[in-house]
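Please open the structure in your viewer and keep the selection panel at hand, since this tour moves from the whole chain to smaller selections.

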Amino acid sequence: MKRVHFSMNYKAAEAYMARMCQKGWAAVRRTGGLWTFAPCKPSQYAFRLCCLRGLLGEEPDSRKRRLAGRGIEFVSGGSSWAIFRSESPFHLYTPEEEDALCRKIRRSLAAGVLLGLLVLLGSLFLVNRLGPWFYLLSLPAALYSGRCACLAASYTGLIQSKGA
């Protein structure tokens, strides 16, 4: 079964996988907002998303082997995130590692907001100088900047909820 679902952060994606698993559907792939599920027993698995980009200083393959040694199965992965599952509850990060991951993601999103705003302002400047065709640059830049701002706010919320 395929479903479209967009999550604002990795914790929201984990909660979505847990809800689907309670209904008897195990996540087997995620590509952007398109999720693929296979039938399973209700609540058979616990799912976690793992950042594959060097937070712990490990290469993705060695991380997968280390987790497999703990009985945690690699399900699917993309360029940045991987889905892992186990039939018993598990955690991939210590609270300190999770906080560092959220802060790292928020920093990159803040840079995305600034980049989008710079492109937006530059394209609006070019509209005045060279003509209305540069409005075409404005829309994607505004959308990108807005998306990054929403995601950054979501990760800010995660960071603040851990600190409270």
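Among contacts in the protein between residues at least 6 apart in sequence, what share joins residues at least 24 apart? With the whole predicted model on display, the share of such contacts that join residues at least 24 apart is 60%.

**The whole chain**

Stay with the full view and colour the chain by secondary structure, where four helices and six strands can be picked out. Following the sequence from its start, you will pass through these elements in the pattern β-α-β-β-β-α-β-β-α-α. The C-alpha trace spans about 60 × 35 × 35 Å along its principal axes, which gives you a frame for the steps that follow.

Now switch on the surface of the protein, which exposes about 9,700 Å², with carbon and sulfur atoms supplying 62% of that area. Buried residues, for their part, make up 38% of the 164 residues in the protein.

**The largest pocket**

Next, select Arg-30, Ser-80, Trp-81, Arg-147 and Leu-151 and centre the view on them. The largest pocket, to which this selection leads, has a volume of about 890 Å³, and of the 31 residues that line the pocket, these five are the closest to its centre.

To see which parts of the chain contribute to the lining, colour α1 (10-22), β2 (25-31), β4 (46-51), β5 (73-77), β6 (81-86), α3 (95-130) and α4 (135-163), the elements that each give two or more residues to it. Pause on α3, because you may wish to know how many lining residues it supplies: α3 gives five residues, the largest share of the lining. Colouring the lining by residue class then divides it into 15 nonpolar, 12 polar and four charged residues.

**The cysteines**

Finally, show the cysteine side chains and look for paired sulfur atoms. A disulfide is a covalent bond between the sulfur atoms of two cysteines. With a cut-off of 2.5 Å between the sulfur atoms, the count of disulfides in this model comes to zero.

Select Cys-51 together with Cys-50, whose sulfur is the nearest cysteine sulfur to that of Cys-51 yet lies 7.0 Å away, and you will find Cys-51 in no disulfide. Cys-51 has a relative accessible area of 8% and is therefore buried, given that buried means under 20%.

Move on to Cys-148, which is likewise in no disulfide, the nearest cysteine sulfur being that of Cys-150 at 9.5 Å. Is Cys-148 buried or exposed? Its relative accessibility is 2%, so Cys-148 counts as buried.

Technical notes. Residues are numbered from 1 along each chain as its sequence is written. This is a predicted model: local features need pLDDT of at least 70, side-chain atom pairs count only at pLDDT 80 or more; totals for chains, interfaces and linings use all residues. Side-chain values use heavy atoms; hydrogens and water are left out. On a 1 Å grid over the protein atoms alone, a cavity is a set of points where a 1.4 Å probe fits but cannot get out, and a pocket is an open set with protein on both sides within 12 Å along at least five of seven lines; lining residues have an atom within 4 Å of a point. Grid points are joined across faces, edges and corners, and a volume is the space filled by probe spheres set on the points. Ala, Val, Leu, Ile, Met, Phe, Trp, Tyr, Cys and Pro count as nonpolar, Asp, Glu, Lys and Arg as charged, and the others, Gly among them, as polar. Buried means under 20% relative accessible area, exposed over 50%, partly exposed in between (1.4 Å probe, protein chains only). Contact means heavy atoms within 4.5 Å. Accessible areas come from the Shrake-Rupley method with a 1.4 Å probe; for residues, only the protein chains shown count as cover.
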